[in-house]
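Please read the sequence and the 3D structure shown here side by side. The explanation after them goes from the ligand outwards to single elements and residues.

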Amino acid sequence: MNYRHAFHAGGFVDVVKHLILVRIILYFQRKAAAFRVIDTHAGRGRYDLTSREAERSPEWRDGIARVLAKGLPDLAAPYLDAIRAFNPDGLATYPGSPVLARHLLRPQDRLEAVELHPEDAAALKDEFAGDIQTRVIELDGWLALGAHLPPKEKRGLVLVDPPFEEEGEWERIVGGLVKAHKRFATGTYALWYPLKEPQEIADFVIALRATGIPKILRIELTIRKPSTPSRLYGTGMIVVNPPFVLEAEMRELLPAAVNALADDGRGAWRIEWISGEMS
Ligand SMILES: C[S@@+](CC[C@H](N)C(=O)[O-])C[C@H]1O[C@@H](n2cnc3c(N)ncnc32)[C@H](O)[C@@H]1O
């Protein structure tokens with residue numbers, strides 16, 4: 001495991017991923033019934049943007065710093081307000097997915113954060129020490145898609161955000177979804193994927209369609225054109241059983257996000273149903 005999220009925290013990928021995460025959690029809040037967020041690849045939770053890693057690769061300057069400076073539609077306010085809440089004296093910290101999710105939980109809701117890297121898992125345990133609504137588990141996140149489902153609340157979001165640094169990650173994410181969906185078919189799943197090689201994405205979409213799982217929404221934002229040799233050119237999220245408002249919300253948010261995150265007209269966005277459009 002070479003991947004360390006500290007180099008990428010607050011970059012354009014995090015911004016888009018976390019905008020989607022926050023909109024999904026806000027939708028769950030519409031009902032009083034408790035929900036659970038399960039974050040299978042949680043990271044260390046909180047990132048110091050002045051750290052050596054963040055200084056060496058300051059992706060956050062072209063990510064969260066840009067959207068804070070340029071602004072986004074009102075739908076982004078809960079996300080941007082959360083970022084500001086962690087930065088009362090100017091941008092110095094970026095809250096990762098478990099910290100953002102925790103920020104939005106009500107007393108009846110729960111968070112389960114799974115992380116395999118011992119150092120990051122330890123940091124996450126410190127972050128949530130004494131928090132009875134949160135459980136941090138040092139474990140292979142792919143295992144959480146089996147035994148940990150369905151959650152006892154029977155409502156919730158499973159965020160799967162692997163580093164895509166190992167062979168077979170595309171197959172593992174599809175296989176993980178199939179396994180999880182058999183156990184918890186009504187759950188919402190948000191699966192992150194990198195846009196690096198267009199052919200990988202085409203194969204991924206075919207594999208997702210072949211699962212027969214209904215209600216799969218594909219959300220993508222690119223900040224540059226694909227190139228050879230391949231380089232990350234965009235960020236994608238598959239959302240299974242999305243809130244019915246998510247498509248419309250992202251149609252409003254993504255054009256503004258592209259304007260903020262991509263240089264002079266080089267970016268683009270798309271939203272498409274891979275299977276079973278919601279009615
Ligand atoms: C992209 S980062 C997660 C970022 C986080 N979800 C966020 O949005 O703030 C991926 C994380 O997965 C961890 N990881 C890698 N392989 C894993 C595995 N098999 N199970 C759980 N975590 C893993 C890495 O250590 C890294 O912290």
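What follows starts at the ligand and then turns to helices and strands. The model is predicted, and residue numbers count from 1 along the chain.

The ligand is surrounded by 22 residues, and the closest are His18, Ser97, Glu115, Gly141 and Asp161. Two of the elements named here contribute to this shell: helix 1 (12–28) and helix 7 each supply at least two of its residues. Backbone atoms of the protein approach polar atoms of the ligand at several places. A backbone N or O atom of Ser97 is 2.8 Å from an oxygen atom of the ligand. For Gly141, a backbone N or O atom lies 2.7 Å from a nitrogen atom of the ligand, and for Leu116 the distance from a backbone N or O atom to a ligand nitrogen is 3.3 Å. On its own the ligand has 600 Å² of accessible area, and the protein covers 96% of that.

Ser97 also belongs to helix 5, where it is one of the buried residues. Helix 5 spans residues 97–104 and is mostly covered, with seven of its eight residues buried. Besides Ser97, the buried residues are Pro98, Val99, Leu100, Ala101, Arg102 and Leu104.

Helix 1, which supplies residues to the ligand shell, is also the place of Val16. Val16 counts as buried because its relative accessibility is 4%, under the cut-off of 20%. Contacts of Val16, leaving aside neighbours within four places in sequence, are made with Leu221, Thr235, Leu254 and Leu261. The chain also brings Val16 and Gly236 together across a separation of 220 residues: their C-alpha atoms are 8.6 Å apart.

Helix 8 shows how burial can be divided between two sides. The helix runs over residues 169–183, has 15 residues, and reaches 21 Å from its first C-alpha to its last, close to the 21 Å expected at 1.5 Å a residue. Its buried residues are Glu169, Trp170, Ile173, Val174, Gly176, Leu177, Ala180 and His181. These residues lie on the same side of helix 8, because they cover an arc of only 160° around the axis. On the other side, Glu171 and Lys182 are exposed. The cover over the buried residues includes helix 7 (141–144), helix 9 (198–210), strand 6 (156–160), strand 7 (188–195) and strand 9 (234–240). Helix 7 thus appears in this cover as well as in the shell around the ligand.

Which residues does Arg218, in strand 8 (residues 216–222), touch beyond its neighbours within four places in sequence? The contacts are Tyr193, Ile201, Val205, Met237, Ile238, Arg270, Ile271, Glu272 and Ile274. Arg218 counts as buried, at 8% relative accessibility. Its side chain makes a polar contact with the side chain of Glu220, at 2.8 Å.

The last residue in this account is Ser275, which has its place in strand 10 (residues 268–275). With a relative accessible area of 15%, Ser275 is buried. Its side chain reaches the backbone oxygen of Ile213 at 2.7 Å. Not counting residues up to four places away in sequence, Ser275 touches Ile213 together with Pro214, Lys215 and Ile216.

Definitions and conventions:
Predicted model: local features only at pLDDT ≥ 70, side-chain atom pairs only at ≥ 80, totals over all residues. Heavy atoms only, no water. Helix = DSSP H or I, 4+ residues; strand = E, 2+ residues; numbered from the N terminus. Expected span 1.5 Å × (residues − 1). Buried < 20%, exposed > 50% of the residue type's maximum accessible area, 1.4 Å probe, protein only. Arc of directions from axis to C-beta. Contact = heavy atoms within 4.5 Å. Polar contact = N/O pair within 3.5 Å; in protein donor to acceptor, adjacent residues only side chain to side chain. Near = heavy atom within 4 Å. Areas by Shrake-Rupley, 256 points an atom, 1.4 Å probe, with all protein chains shown as cover.
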